[in-house]
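Biologist: I'm new to this one. Could you walk me through its aromatic rings?

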Amino acid sequence: MSACGADPLWIYFSAVAGQDGQIDAEELQRSLTSSGISGNYKPFSLETCKLMLAMLDQDYSGSMGFEEFKNLSTALTGWKQHFIRIDVDRSGTVEGPELNQALASMGYQLSPAVMSAIVRRFGNTGKIGFDEFVACCVKLRALTDNFRRRDTTQQGKATFAYDDFIQVTIGL
């Protein structure tokens, strides 16, 4: 048995990865649905799965291997814990102030204008479900990681060429 075979996540991963040992966004969606990570919340949309894949896809292959899948699983578990903690009424959705609280607890200090834009982008009539919360967290993490790589002086400022900016913002 391989080292991966001893890991419970390997079962979910290998069930859909096939011979190439990689999974694409549709396979990721199936894998996450069968794993039950979304719990009582609706399964992840294909768009959210594409965002998750892009966040970890360093070689731009459009797929992820088992180690990347494990990293994603760790992140998802953390995001789920944050979501459960802020969804105090157990409605399955959170609103702007709750989202702000969750993001702040994850280290994101965002202006009210940015928070408002996030709620408009990821919310449905001001409410954000778990799938949308994860999509928001994925996008913030990817944008922050990309920004930090370019903020060489760690002063909160970075210079982007136009093509680089486009790649960062659309997650290529």
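Modeller: Sure. Rings of Phe, Tyr and Trp count as a pair if their centres lie within 6.5 Å. This is a predicted model, and it holds six aromatic pairs.

Biologist: Why is the pair of Trp 10 and Phe 66 called edge-to-face?

Modeller: The ring centres of Trp 10 and Phe 66 are 5.0 Å apart and the planes stand at 90°. Edge-to-face needs an angle over 60 degrees, so this pair gets that name.

Biologist: What makes this pair tie together separate parts of the sequence?

Modeller: Trp 10 belongs to helix H1 and Phe 66 to helix H4, so the pair joins parts 56 residues apart in sequence.

Biologist: Which of the words buried, partly exposed and exposed fits Trp 10, and which fits Phe 66?

Modeller: Buried means under 20% relative accessible area and exposed means over 50%. Trp 10 has 26%, so it counts as partly exposed. Phe 66 has 7%, so Phe 66 counts as buried.

Biologist: And why is the pair of Phe 83 and Phe 133 called tilted?

Modeller: Their planes are at 55°, with the centres 5.3 Å apart. Stacked needs under 30 degrees and edge-to-face over 60, so this pair is tilted. Phe 83 sits in helix H4 and Phe 133 in helix H7, 50 residues apart.

Biologist: How do you know whether Phe 83 is buried or exposed?

Modeller: Its relative accessible area is 0%, so Phe 83 is buried. Phe 133 also comes out at 0% and counts as buried.

Biologist: Which residues do ring pairs link into a cluster?

Modeller: Phe 44, Phe 83, Phe 130 and Phe 133.

Definitions and conventions: Residues numbered from 1 in each chain as written. Predicted model: local features only at pLDDT ≥ 70, side-chain atom pairs only at ≥ 80, totals over all residues. Heavy atoms only, no water. Helix = DSSP H or I, 4+ residues; strand = E, 2+ residues; numbered from the N terminus. Buried < 20%, exposed > 50% of the residue type's maximum accessible area, 1.4 Å probe, protein only.
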